[in-house]
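Welcome! Here are some short exercises to help you find your way around a protein model, each with a worked solution.

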Amino acid sequence: MTDYIPTSQTHIPPGMIDLGVGDPDFALLPLDMLQRAAETCFAKNDPASLQYGTEQGHGYFRLALAEFLSQGYSFPVDFDNLFVTNGISNALDLICTHFTLPGDTIFVEDPTYFLALRIFEDHDLQMVPVQTNEDGLVIESLEEKLREFHPKFLYTVPTFQNPGGFTLPQDRRDKLVQLSQAHGFLIVADEVYHFLNYSGQQIKPFAAYTDLETIISLGSFSKILAPGLRLGWMQAHPNNIKRLTSSGLLDSGGGLNPFTSAIVRELIEAGDLKQNITSLIADYRSRLKVMGAALHRELPQAEFRTPEGGFFFWVRLRGMDTGQLRDAAREFNLGFRQGALFSSRGGMQDYIRLCFTFYDEEKIEEGIQRLNDCLNATSS
Ligand SMILES: Cc1ncc(COP(=O)(O)O)c(C=O)c1O
């Protein structure tokens with residue numbers, strides 16, 4: 001028997017600081033809130049949540065979620081337009097299954113969330129990269145691609161993007177919606193970081209447009225509560241929801257994650273989700289500041305914009321092959337994600353992605369110091 005028995009996907013060798021890991025800090029996962037919610041749930045003595053779930057997802061959970069979203073977005077969200085998922089990864093897989101065929105073309109941002117690219121590859125989709133700039137997706141690039149291709153959908157992370165950190169301005173959001181209507185393609189908006197907003201600026205999510213059949217908004221509890229819950233939601237037009245609820249998967253297995261939904265319902269109703277987000281924002285805001293200051297101090301040559309939400313700094317080390325740099329960084333017990341991972345065309349080679357949520361301030365400082373040491377060693 002080995003002496004390491006895995007329980008989480010996050011396994012970092014002792015002594016290593018891996019700023020590539022895009023996960024919440026273990027210390028911030030709210031065991032206490034979930035324990036309380038589970039106790040409230042069990043005290044109700046209702047076996048329904050252990051039965052096969054209703055296809056669209058646990059009704060009282062959707063009601064609680066709709067109430068939370070209505071407050072958070074400042075517009076009403078109807079629980080009937082919510083579909084419960086096992087998280088955004090699962091939602092993307094379901095969308096590929098039910099809205100595409102192998103060989104279909106889809107558009108992705110360049111750069112984009114690299115593990116979404118893996119899901120699209122599983123479905124044999126042809127990915128066409130659309131350019132971004134420091135504000136996100138570039139409309140002219142999209143228009144140019146639309147003259148050549150007819151995509152089934154565009155996958156976008158419009159707010160505090162992974163890895164770029166950028167947020168699409170309102171005029172581009174409106175234009176995107178118009179284009180999806182005019183050309184008949186879906187916009188799959190991954191809004192996973194929407195509530196991790198450190199500047200407090202008002203951002204209108206794509207969820208606001210889901211009365212249109214071309215818009216699907218995806219949300220998740222992974223970054224605002226805990227990824228191990230495998231719980232998320234889709235907000236969409238009833239016709240799109242119907243395509244999923246009438247699937248063989250749900251016919252056989254019932255709705256997704258009814259038991260966890262029943263527990264998280266109690267947590268939301270107790271006000272703990274809101275409370276958890278408030279304390280995450282305070283914590284992450286401080287870590288972000290520390291990483292930004294350390295980057296300015298240790299790496300004056302680095303080009304980056306300080307993000308206003310989410311998990312990541314997207315840093316350009318102009319002219320450098322960051323794949324090679326990542327190999328060299330291992331000697332310094334340091335990890336990060338090299339830019340090319342996030343590009344479906346293999347670009348972005350002189351970028352790195354650094355996560356500021358997994359480690360505390362002290363480790364962040366030390367990690368950036370190691371990066372500086374590594375850069376000095378490779379340039380000498
Ligand atoms: C942009 C983006 N989408 C989706 C996910 C994964 O979400 P989930 O855990 O809900 O599958 C992540 C996680 O890092 C992410 O950054």
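Please keep in mind that this model is predicted.

**Exercise 1. Find what the buried residues of helix H4 pack against.**

Step 1. The buried residues of H4 pack against two kinds of element, helix and strand: helix H3 (88-99), together with strands E3 (105-110), E4 (126-133), E6 (153-156), E12 (337-338) and E13.

Step 2. Now pick out the residues themselves. Helix H4 covers residues 114-122, and Phe114, Ala116, Leu117, Ile119 and Phe120 are buried in it.

Step 3. A little helix geometry helps here: an α-helix has 3.6 residues a turn, so residues three or four places apart point the same way.

Step 4. Look just past the helix. H4 is followed by Asp124, which has a positive phi near 55°.

**Exercise 2. Decide whether Ile95 is buried or exposed, and list its contacts.**

Step 1. Locate the residue: Ile95 sits in helix H3.

Step 2. Check its accessibility. Residues under 20% relative accessible area count as buried, and Ile95, at 1%, is therefore buried.

Step 3. List the partners. With neighbours within four places in sequence left aside, Ile95 is in contact with Thr100, Phe153, Val188, Ile216, Leu218 and Met234.

**Exercise 3. Work out how the side chain of Asn240 is placed, and which backbone oxygen lies 2.9 Å from one of its polar atoms.**

Step 1. Asn240 belongs to helix H7, residues 238-245.

Step 2. Its relative accessible area is 3%, so Asn240 is buried.

Step 3. The oxygen in question is the backbone oxygen of Glu213, 2.9 Å from a polar atom of the Asn240 side chain.

Step 4. Setting aside residues up to four places away in sequence, Asn240 touches Phe99, Leu186, Glu213 and Ile216.

**Exercise 4. Describe the aromatic pair formed by Tyr198 and Phe356.**

Step 1. Start with the whole structure, where a search finds 23 aromatic pairs.

Step 2. A pair of aromatic rings is described by the distance of the centres and the angle of the planes. For Tyr198 and Phe356 these are 6.2 Å and 70°, and the pair is edge-to-face.

Step 3. Place both partners on the chain. Tyr198 is in the loop between strand E7 (186-190) and strand E8 (215-220), while Phe356 is in the loop between strand E13 (351-355) and helix H12 (361-379). The pair links distant parts of the chain, 158 residues apart.

Step 4. Check the surroundings: Tyr198 is buried at 7% relative accessible area, and Phe356 is buried at 0%.

Step 5. For a further look at rings, find the cluster in which ring pairs link Tyr113, Phe114, Trp314, Phe342 and Tyr351.

**Exercise 5. Find the residues that surround the ligand and the side chains that make polar contacts with its oxygen atoms.**

Step 1. There are 13 residues around the ligand, and the closest are Ser89, Asp190, Tyr193, Ser222 and Lys223.

Step 2. Go through the polar contacts. An N or O atom in the side chain of Lys223 is 2.5 Å from a ligand oxygen. For Asn162, the corresponding distance is 2.8 Å. For Arg230, a polar side-chain atom lies 2.9 Å from an oxygen atom of the ligand.

Step 3. Consider the cover: on its own the ligand has 400 Å² of accessible area, and the protein covers 93% of that.

Step 4. Return to Lys223, which also lies over the face of Phe311, 4.8 Å from the ring centre.

Technical notes:
Residues are numbered from 1 along each chain as its sequence is written. This is a predicted model: local features need pLDDT of at least 70, side-chain atom pairs count only at pLDDT 80 or more; totals for chains, interfaces and linings use all residues. Side-chain values use heavy atoms; hydrogens and water are left out. Rings of Phe, Tyr and Trp (its six-membered ring) pair if their centres lie within 6.5 Å; planes under 30 degrees apart count as stacked, over 60 as edge-to-face and the rest as tilted. Helices (H or I, at least four residues) and strands (E, at least two) are DSSP runs, numbered from the N terminus. Buried means under 20% relative accessible area, exposed over 50%, partly exposed in between (1.4 Å probe, protein chains only). A charge sits over a ring if NZ of Lys or CZ of Arg is within 6 Å of the ring centre and within 35 degrees of the ring normal. A residue is near a molecule or strand if one of its heavy atoms lies within 4 Å of it. A polar contact is a pair of N or O atoms within 3.5 Å; within protein, one must be able to donate a hydrogen and the other to accept it, and residues adjacent in sequence count only if both atoms are side-chain atoms. Accessible areas come from the Shrake-Rupley method with a 1.4 Å probe; for residues, only the protein chains shown count as cover. Contact means heavy atoms within 4.5 Å.
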